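Grab a coffee and open the viewer. Below are a few short exercises, each with a solution worked through step by step.

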Amino acid sequence: MSRKSSDDYNLRSMSNLMGERRKRASDDGERSLIKAPSSASLSSAGPSAASPADLERAARKQFQQDVTPGFVYVLAVFSAIGGFLFGYDTGVVSGAMLLLKRDMNITALWQELLVSGTVAAAAVSALLGGYLNGLFGRRVCILMASFTFAIGAIVLGSAPNKEALLVGRLIVGLGLGIASMTVPVYIAETSPSHLRGRLVSINTLFITAGQLTASLINGAFSYMQHEGWRYMLSLSVVPALLQFLGFLFLPESPRWLIQKGLTQKARRILSQIRGNQNIDEEYDTIKSNIEEEEKDCGGEGPVIWRMLTYPPARRALIVGCALQMFQQLSGINTVM
């Protein structure tokens, strides 16, 4: 064989080899883009289990779980400031009372009034919280609560006597009751279903964070010889104003808007909260749930009667009251 023919043969061999490699790489790339079905999905899928509609819904659900907009977390954090204020205002009085006894000569009776007055006012406003939520909406109620917190903090910080202190503590208690009723509802109604439990629990986390912060503030101002309690009681105005200013720009709950017949606004806000996701399925689910609840409750009579006659609400009340009773009997509020 001549040298020229040998070179031609080598060139053809190298060309064939490179072509096979390119083909193999292309095949491997295509196979890598296709996710092999798991054994569980293969075993669960029947002959006609995976219809195009089912596959589309599953893909949409997975997409929504993967790309949750950050705006949802912003809503949850700004709402949970109400929980932070709950923890702070119920915890800060323990340290402030040590200084108040010395500065104002407060008797044991007035100590009891100043501590328990907030809880009593919170109980009253919590009873009205459900009515206010239904009448004005979640966003307005949170604005009312944060404004009330701020006014109460200002009154406490500038109180000239024990009577003014009691008024300030009662004002703070009104904010506590409204916030405790509204914040979890707002977070739950604005959160996607796969994050709802996690985001609602942020409120509980913020309550304990408020108690921790109150202890730190008490320790920081306990060394002031006179009127250190004013700083302890009035510093809650900072998170209260932060929440108030934030909710001036945050939206209303889509569920409440649908209940009030404001469907176009509800769809617009739901699209804002969910980003680029398709909201049709979630919107239809919310609307059907509202219609089902109204049908089961009858839509007539006092609220408490409708709650007692609606089986899911009745079961929740029985279980919730039992758990609350055992929790209170343990004396945890006294420890806190």
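**Exercise 1. Is Glu 189 buried or exposed, and what is its relative accessible area?**

Before starting, note that this is a predicted model, where local features need pLDDT of at least 70 and side-chain atom pairs count only at pLDDT 80 or more, while totals for chains, interfaces and linings use all residues. Numbering runs from 1 along each chain as its sequence is written, and side-chain values use heavy atoms, with hydrogens and water left out.

Step 1: find the residue. Glu 189 sits in helix H7; helices (H or I, at least four residues) and strands (E, at least two) are DSSP runs, numbered from the N terminus.

Step 2: apply the cut-offs. Buried means under 20% relative accessible area, exposed over 50%, and partly exposed in between, using a 1.4 Å probe and protein chains only. Glu 189 has 14%, so it is buried.

Step 3: list its partners. A contact means heavy atoms within 4.5 Å. Leaving aside neighbours within four places in sequence, Glu 189 is in contact with Arg 138, Ser 253, Pro 254, Arg 255 and Trp 256.

**Exercise 2. Follow Arg 255, one of those partners, and describe its surroundings.**

Step 1: Arg 255 belongs to helix H11.

Step 2: its relative accessibility is 15%, so Arg 255 counts as buried too.

Step 3: not counting residues up to four places away in sequence, Arg 255 touches Glu 189, Ile 286, Asn 289, Ile 290 and Glu 293.

Step 4: check a distance in the viewer. Arg 255 and Tyr 283 are 28 residues apart along the chain, and their C-alpha atoms are separated by 8.8 Å.

**Exercise 3. Work out whether the end-to-end distance of H5 agrees with its residue count, then look for a bend.**

Step 1: the expected span of a helix is 1.5 Å times one less than its number of residues. H5 (residues 108-136) has 29 residues, so it should span 42 Å; its end C-alpha atoms are 40 Å apart, which agrees.

Step 2: H5 does bend, by about 40° at Gly 129. That bend is the angle between axes fitted to the seven residues ending there and the seven starting there.

Step 3: look at what is hidden. The buried residues of H5 include Trp 110, Leu 114, Gly 117, Ala 121 and Gly 129. Their cover includes helix H4 (70-104), helix H6 (138-157), helix H7 (162-190) and helix H11 (254-259).

Step 4: step off the end. Gly 137 follows H5 and has a positive phi, near 100°.

**Exercise 4. Sort three helix pairs by how they cross: H4 with H5, H6 with H10, and H4 with H12.**

Step 1: get the rules straight. Axes are lines fitted to C-alpha atoms, for helices over the stretch in contact, and angles run from 0 to 180 degrees between N-to-C directions. Under 35 degrees counts as roughly parallel, over 145 as roughly antiparallel, 65 to 115 as roughly perpendicular, and the rest as oblique.

Step 2: H4 and H5 pack at about 155°, with axes 11 Å apart. These two are therefore roughly antiparallel. Val 93, Met 97 and Lys 101 of H4 make the contact with Gln 111, Leu 114 and Val 115 of H5.

Step 3: the axes of H6 and helix H10 (residues 237-247) come within 8 Å and cross at roughly 155°. That makes H6 roughly antiparallel to H10. Residues in this contact include Ile 142, Phe 149 and Ala 153 of H6 and Leu 241, Phe 244 and Phe 247 of H10.

Step 4: for H4 and helix H12 (residues 263-274), the axes come within 6 Å and cross at roughly 105°. H4 and H12 are therefore roughly perpendicular. Here Phe 71, Val 72 and Leu 75 in H4 meet Gln 272, Ile 273 and Arg 274 in H12.

**Exercise 5. Which residues of H8 are buried, and what do they pack against?**

Step 1: H8 has 26 residues and reaches 38 Å from first C-alpha to last, close to the 38 Å expected.

Step 2: its buried residues include Leu 199, Ile 202, Phe 206, Gly 210 and Ile 217. The buried residues of H8 pack against H4, H7 and helix H9 (228-234).

Step 3: contrast Ala 209, also in H8 (residues 196-221). At 29% relative accessibility, Ala 209 counts as partly exposed. Ala 209 and Phe 84 are 125 residues apart in sequence and 6.3 Å apart in space, C-alpha to C-alpha.
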